[in-house]
Number of protein chains: 2
Amino acid sequence: MLTRDDCVARDAADPLAPLRRQFALDRLDAAGGIYLDGNSLGVLPRATAGRVEQVIAEEWGSGLVGSWNTAGWITLSSSVANKIARLVGAGAGEVVVADSTSINLHKVVSAALALVQADAPGRRRVVSERTNFPGDLYIIEAAARAHGCEFAAVDDERMAAAIDGRLAVLVLSHVNYRSGRLYPMAALSRAAHAAGALAVWDLAHSAGAVPVRLGEGGDEAADFAVGCGYKYLNGGPGAPAFLWAHPRHAARLDRDQWRPPLPGWFGHEAPFDFSPEYRPGRGMARFLCGTPPILSLAALECGVDSVLAAEAHGGVAALRRKSAALTGLFIERVESRCAGHGLTLVTPREPAARGSHVTFAAASGGYAVMQALIAHSVIGDFRAPDLLRFGFAPLYTRYVDVWDAAERLAGLLASGEWRDPRFAVRSTVT
Amino acid sequence: MLTRDDCVARDAADPLAPLRRQFALDRLDAAGGIYLDGNSLGVLPRATAGRVEQVIAEEWGSGLVGSWNTAGWITLSSSVANKIARLVGAGAGEVVVADSTSINLHKVVSAALALVQADAPGRRRVVSERTNFPGDLYIIEAAARAHGCEFAAVDDERMAAAIDGRLAVLVLSHVNYRSGRLYPMAALSRAAHAAGALAVWDLAHSAGAVPVRLGEGGDEAADFAVGCGYKYLNGGPGAPAFLWAHPRHAARLDRDQWRPPLPGWFGHEAPFDFSPEYRPGRGMARFLCGTPPILSLAALECGVDSVLAAEAHGGVAALRRKSAALTGLFIERVESRCAGHGLTLVTPREPAARGSHVTFAAASGGYAVMQALIAHSVIGDFRAPDLLRFGFAPLYTRYVDVWDAAERLAGLLASGEWRDPRFAVRSTVT
């Protein structure tokens, strides 16, 4: 029978434990807080404030416009992109950092549809999964419409049947934002390929927490991918996002002289020629659009560095092992300590089938339970209509955090404290 | 005959002079630097570093994901937008801050085309001006193609003729990024309306420096507009951009239930319902897309506040008067002191016909002349093939700066120092 002391011992023996010191968690720790929402907003690396201050005061304040050259602003986006590439098993030059996940998804779905339709104009169906992140569904549907395609968001059970001869592009999230289910990227991508289609993946809830090997020699068989900078990459609220294309597709887009749907000046072959004619930048450069957001990119780089620091300790594979242990422990603790209070595990029980967060459905009062838990300094989030969601970012979440979070949840369920009317008051964002 | 002492006296008497103290120009001043590139990248407000530090350390670091509610992140974008609205003569709720100028231009050109084509499907021509900012031309052309329209970038002399019965949307920059020419927004918008078309304006080189009255009761007759956060608004490198729609168009988009081309989750009617069906947010909200970039928005707000501080001193109208005096003085000084060195004024001589920057064409060696000038701490920029561009942001540029800049330019032209081969070495960005 595991004890809290066992958790303390596990943390003491954890080779990844020193990585936690990278983060500005002193005040949270001093207040006894437990942060289980790194899958929504990653925590602040200690390095970020100083680096952004330097960019503001030195590079912008003193260097002024010259910093595009002298401070390397012009290549900052690609520097950060090449660091992210290491986290998702891609090569240098294969990743672009720009804009938001939504806008990048629009770009890559458009590119994938252009490639498929060039060879098979009759393929006019784009498929995603019904419980995929809604923002993704909106963007995918719009991109499909813009290419004269129909869009279908199907249930998991109908996914295999939907990968048929009509399919142009399959667009899925690697880890579902609600359930935490990890989709088998390689198998589904290969099924799409076998059907003559392409596969696009959103890594928002996996990049930095689940090993991904996108590039040449990788095993995911993905064609395009996008991902988020502010979840497990710790880039800060609303950080820039990234996108990736397989090198063979990037080369094909070159050969086809494909024009992206958002042909901004930073994606031009020679932006500072100020040519009135658009000529797409080589390879991935065409996926850039407007002037890069330097302050945000500097903060994102610090976040990405905080994950790359794990490379000396086994990298994302080691993070993944710890993540599986943390999520497994949480499931075990909640199920044993909160039994009889109407919580049902939504996340797959098999570690290989889930990402780094765990979701329970509440039979009643889910919103109030989460608010009560937050009042007890355990920060998870609620997703309508009934889901309690807990993220376990393995860079900074401790085994003892898992133990204590489950204990506090058990305590407020047992006491009925969550029924206090003040916990039922809805705020605008949950 | 004006003297340098007269310029010093003008600065001493300038009611706008105290506004300069808002900016972190101490090191530039100590080094005798003169910054004439605020039309490319506005200078750093003193308030910015502290505010961004607060957002990072307090709101993100300590407040964590809860800051979406408790620190007002969820409404930060609209707060900044409503401040920008005051600078462009628009009402609260009429402006949206998001993404980049390029992406916002894509959104509003798409909206304008949707409105025109709903009533007049036969109108299939989008017109801009040949020397408009190339990034705008690329985006406009792509949006036109996506709506089955042809695109024409015409010379100024052919503009009147191009506003004909085929025209769907006219898209122009209020101030040309090269020449500094100020386009007559009201007259051209009315001409477009008389022809049955709509007019979209890019305010990148005018917002914050040239009075604009977009909204109800305004006199610009514009239909849609976009603008840049990092030029005269001092929002920092790559700051978020803004867009505006006339309230009658926003209402029409509502009635038509128009779906934007980039339907992101933050533009949904109820983002936190996580509905799988996209329902556009009311009015302007649908122009939002992904998660807002909080660090960048905080910096942009400080920049916008630095311009709003002029409201106590006559506002943008007072800035405009000073701007006209500065640019006029620069033209006069360069033409008198640099005569015989092959510089030709490109910017309109009539103050009402130019924005806040001045461009001279160099008969030869333009790039080297600008590099030599920068070596003498006068920072302007070069635009291929032969243009020397100087911005006079009236919030922080002094009359004595204008005098000294022209003197230094005259000096290096007279000495021939600019012919030193080191000044001809091209950097990646100019």
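These are short notes on how chain A and chain B meet in a predicted model.

1. Symmetry. Chain A falls on chain B after a rotation of 180°, with 0.0 Å of shift along the axis. The RMSD is 0.0 Å. That is the relation of a two-fold axis.

2. Shared surface. Of the interface residues of chain A, 100% are also interface residues in chain B, so the copies meet through the same surface. Chain A puts 76 residues into the contact, and chain B puts in 76 residues.

3. Buried area. The size of an interface is often given as the accessible area lost when the parts come together. Here chain A and chain B bury about 6300 Å² between them. Carbon and sulfur atoms account for 68% of that. On the chain A side, the residues that lose the most area to chain B are A:Trp60, A:Tyr138 and A:Phe274. Together they make up 13% of what that side buries.

4. Charged and polar pairs. There are 4 salt bridges between chain A and chain B. One of the residue pairs forming a salt bridge is A:Arg259 with B:Glu141, whose closest N and O atoms lie 3.3 Å apart. Across the interface, 19 residue pairs are in polar contact, counting pairs with both residues at pLDDT 80 or more.

5. Elements involved. Several helices of chain A each supply at least two residues of the side that touches chain B, among them H2 (26-30), H5 (73-87), H7 (134-146) and H11 (294-308). H3(A) gives the most, with 10 residues.

6. Composition. The side of chain A that touches chain B has 43 nonpolar, 22 polar and 11 charged residues.

Note on methods: Residues numbered from 1 in each chain as written. Chains lettered and ligands numbered in written order. Predicted model: local features only at pLDDT ≥ 70, side-chain atom pairs only at ≥ 80, totals over all residues. Heavy atoms only, no water. Least-squares fit on C-alpha atoms with pLDDT ≥ 70 in both. Contact = heavy atoms within 4.5 Å. Buried area = accessible area lost by both parts, 1.4 Å probe. Salt bridge = Lys/Arg side-chain N within 4 Å of Asp/Glu carboxyl O. Polar contact = N/O pair within 3.5 Å; in protein donor to acceptor, adjacent residues only side chain to side chain. Helix = DSSP H or I, 4+ residues; strand = E, 2+ residues; numbered from the N terminus. Nonpolar A, V, L, I, M, F, W, Y, C, P; charged D, E, K, R; others polar.
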